[in-house]
Amino acid sequence: RQMCIRDSNYCTAFPIGTLLAQTWNTDLVNRVGKAIGEEMVEIGVTLWLAPGMNIHRDPLCGRNFEYYSEDPLISGEAAASETKGVQTYEDGTKTGVGVTLKHFAFNNQESERFNNNSVMSERAAREIYLKGFQIAVEKAQPDYIMSSYNSINGVQTFLHYGLLTEILRNEWGFRGFVMTDWNPMDNFTGRRGLKYLSLIHI
């Protein structure tokens, strides 16, 4: 039998996103980001899979604790401050470590989180669900963005050219790396995949 030994490090349990947003204090959130970035550099972690940016729409959403707020302005300003804190030193130079804004986008409920279809107007999308991401991208230029599992108006977010290229890159000027959430292709294969097979052209 093979033994698997995993490296681990002691680290600080920082306050959750909701608690940080409740301070309404972007300077404080920035200082928390700097402390996180310093710790990442110290222990050799280059990528933080946070902060979570989705809107508190459903109180039963299992990820609400890591999302900031039900308000896109508060969410965007908090994420921008935390991102700057992690990714830049006091003198403005880059720390060499980065954040991952997630889950892009419309991932606001727990039921069928892996394959639900968020149906909404462009106005609702831009004014509520995308606005926080836009603020954070334009003000802080995060290194990474993680797409979500769900679909938007019938197209999965990690395949959505309009969302990931036209809006994120062409409109907002995002220059970083887009990653998928873990194993999104499960939505096309296996138990969750049957209804999505028509989208694949091989």
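This is a guided tour of a predicted model, moving from the whole chain to one helix, then to a loop residue and a few backbone details.

**The whole chain**

Begin with the entire protein in cartoon view, where six helices and seven strands can be picked out; followed along the sequence, these elements come in the pattern α-α-β-α-β-β-α-α-β-β-β-α-β. If you colour the chain by accessibility, 47% of its 202 residues count as buried. Among contacts with a separation of 6 or more, 73% are accounted for by residues 24 or more positions apart.

**Helix α2 and its surroundings**

Select residues 26-43, which form helix α2, and begin at its start, where a side-chain oxygen of N25 reaches to within 3.2 Å of the backbone nitrogen of D27. The length of the helix can be checked against expectation: at 1.5 Å a residue, the 18 residues of α2 should span 26 Å, and because its end C-alpha atoms are 26 Å apart, the two values agree. Directly after the helix comes G44, whose phi is positive, near 85 degrees.

Next, show the side chains of V29, N30, V32, G33, K34, I36, G37, E39 and M40, which are the buried residues of α2. Keeping these selected, bring up α1 (17-22), β1 (47-48), α3 and β2 (98-104), since these are the elements that the buried residues of α2 pack against.

Now add helix α3, residues 72-87, whose axis comes within 6 Å of that of α2 and crosses it at roughly 35 degrees; the crossing in which α2 passes α3 is right-handed. To see what makes this contact, select T26, V29, N30, V32, G33, K34, I36, G37 and M40 on α2, together with E77, A78, S81, E82, K84, G85 and V86 on α3. Sorted by class, the residues of this contact are six nonpolar, six polar and four charged.

**N54, in the loop between β1 and α3**

Move on to N54, which is found in the loop between β1 and α3. Is this residue buried or exposed? N54 has a relative accessible area of 2%, and because buried means under 20%, N54 counts as buried.

Display the polar atoms of the N54 side chain, and two partners can be traced: the side chain of Y67, joined to that of N54 by a polar contact of 3.1 Å, and the backbone oxygen of H103, which lies 2.9 Å from a polar atom of the N54 side chain. Widening the selection, and leaving aside residues up to four places away in sequence, N54 touches Y67, S69, K102, H103, A105, F106, N107, N108 and F133.

**Two cis peptide bonds**

With H103 still on screen, look at the backbone between K102 and H103, which are joined by a cis peptide bond with omega of about -10 degrees; H103 itself lies in strand β2. Another cis peptide bond, with omega of about 5 degrees, joins A50 and P51, and P51 is found in the loop between β1 and α3.

**Two positive phi values outside glycine**

Select W24 in the loop between α1 and α2, where phi is positive, about 55 degrees, although the residue is not a glycine. W24 is exposed, with a relative accessible area of 70%.

Finish at N153, in the loop between β5 (151-152) and β6 (155-156). Phi of N153 is near 50 degrees, again a positive value in a residue other than glycine, while N153 is partly exposed, with a relative accessible area of 43%.

Definitions and conventions: Residues numbered from 1 in each chain as written. Predicted model: local features only at pLDDT ≥ 70, side-chain atom pairs only at ≥ 80, totals over all residues. Heavy atoms only, no water. Axes fitted to C-alpha atoms, helices over the stretch in contact; angles between N-to-C directions. Helix = DSSP H or I, 4+ residues; strand = E, 2+ residues; numbered from the N terminus. Left-handed = near helix turned anticlockwise from the far one by under 90°. Contact = heavy atoms within 4.5 Å. Nonpolar A, V, L, I, M, F, W, Y, C, P; charged D, E, K, R; others polar. Expected span 1.5 Å × (residues − 1). Buried < 20%, exposed > 50% of the residue type's maximum accessible area, 1.4 Å probe, protein only. Polar contact = N/O pair within 3.5 Å; in protein donor to acceptor, adjacent residues only side chain to side chain.
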